[in-house]
Amino acid sequence: MRELHRAGVLTPGWRGGWCWYRRGEKRAEINIEAGESSIRLRYDATSGGERKNYDYAVTLSRSACNYGGARLWFLCPCCGRRVAILYGGAMFACRRCYRLAYEVQREDVMDRIARRADAIRERLKWEAGILNSDGWKPKGMHWRTFWRLKAEHDRLKGGALGAWAKRLGILGGTGR
């Protein structure tokens, strides 16, 4: 939505094409016709091995901004939710309709612990990865802060390594 708005595509009366590129190669193209309260999308897509033509309108919604003006939103053609991003496919729809998840929503407990430890490593300016050796106190950081962060990092590191060991069967009574 934001990129289309910045490019002037959402101005009523605008007509034209919008392309997506990957590594300099055109991957997809869509024809857009902007109206007062909707945009019309026209494109071809392959669905189930069969190429189909799509032509439908996506309703636009506006919300007031605190310091004046208005923010534009798409209303998802499938569920009607107000969203800033529609994801392509046979039909443009929101992430909920496509059942898309953020990366952190797919993490298990072990991955979350390791990510938190890596966040502390980044704050301490250490190399990422809990299996890498610990560094030392960054210049300008108070000793008290350093020791607090190091203790939290060591606790998280131990928890992640313990969870990995358990998953691999090294701990938890499966060893000799």
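Lys125 sits in the loop between helix 2 and helix 3, and that loop makes a handy starting point for a look around this predicted model. Lys125 has a positive phi of about 65° although it is not a glycine. With a relative accessibility of 67%, Lys125 counts as exposed. From here we can visit the two helices, then the aromatic rings, and finally a few residues in loops.

**Helix 2 and helix 3**

- Helix 2 covers residues 109-123 and helix 3 covers residues 143-167; their axes come within 9 Å and cross at roughly 150°.
- That angle makes helix 2 roughly antiparallel to helix 3, since angles over 145 degrees fall in that class.
- The crossing in which helix 2 passes helix 3 is left-handed.
- On the helix 2 side, the residues that meet helix 3 are Met110, Ile113, Ala114, Arg116, Ala117, Ile120, Arg121 and Arg123.
- Their partners in helix 3 are Thr145, Arg148, Leu149, Glu152, His153, Arg155, Leu156, Gly159, Ala160, Ala163, Trp164 and Arg167.
- Sorted by character, the residues of this contact comprise 10 nonpolar, 3 polar and 7 charged.

**A buried arginine in helix 2**

- Is Arg121, a residue of helix 2, buried or exposed? Arg121 counts as buried, because its relative accessibility is 0% and the cut-off for buried is under 20%.
- Setting aside neighbours within four places in sequence, Arg121 is in contact with Trp126, Glu127, Ala128, Gly129, Ile130, Asn132, Ser133, Asp134 and His153.
- One of these partners, His153, is also among the helix 3 residues in the contact between the two helices.

**Aromatic rings**

- Across the whole structure, a search finds 11 aromatic pairs.
- In one of them, the ring centres of Tyr43 and Phe92 are 5.3 Å apart and the planes stand at 90°, so this pair is edge-to-face.
- Tyr43 belongs to strand 3 (residues 38-47), while Phe92 is in the loop between strand 6 (82-83) and helix 2, so the pair ties together parts that are 49 residues apart in sequence.
- Both Tyr43 and Phe92 are buried.
- Trp136 and Trp143 form another edge-to-face pair, with 5.8 Å from centre to centre and 65° between the planes.
- Trp136 counts as exposed at 52% relative accessibility, whereas Trp143, at 45%, counts as partly exposed.
- Which residues do ring pairs link into a cluster? They are Trp20, Tyr43, Tyr54, Tyr56 and Phe92, and this list includes the Tyr43 and Phe92 of the edge-to-face pair described above.

**Tyr98 in the loop before helix 2**

- Tyr98 is found in the loop between strand 6 and helix 2, and Phe92 lies in the loop between strand 6 and helix 2 as well.
- With a relative accessible area of 33%, Tyr98 is partly exposed.
- Leaving out neighbours within four places in sequence, Tyr98 is in contact with Tyr87, Gly88, Gly89, Ala90, Met91, Phe92 and Ala93.
- From C-alpha to C-alpha, Tyr98 and Leu86 are 9.8 Å apart in space, with their positions 12 residues apart in sequence numbering.

**Another positive phi**

- Arg23 has a positive phi of about 55° and, like Lys125, is not a glycine.
- Where is Arg23 found? Its place is the loop between strand 1 (15-22) and strand 2 (25-34).
- At 82% relative accessibility, Arg23 counts as exposed.

Notes: Residues numbered from 1 in each chain as written. Predicted model: local features only at pLDDT ≥ 70, side-chain atom pairs only at ≥ 80, totals over all residues. Heavy atoms only, no water. Axes fitted to C-alpha atoms, helices over the stretch in contact; angles between N-to-C directions. Helix = DSSP H or I, 4+ residues; strand = E, 2+ residues; numbered from the N terminus. Parallel < 35°, antiparallel > 145°, perpendicular 65-115°, else oblique. Left-handed = near helix turned anticlockwise from the far one by under 90°. Contact = heavy atoms within 4.5 Å. Nonpolar A, V, L, I, M, F, W, Y, C, P; charged D, E, K, R; others polar. Phe/Tyr/Trp six-rings, centres within 6.5 Å; stacked < 30°, edge-to-face > 60°. Buried < 20%, exposed > 50% of the residue type's maximum accessible area, 1.4 Å probe, protein only.
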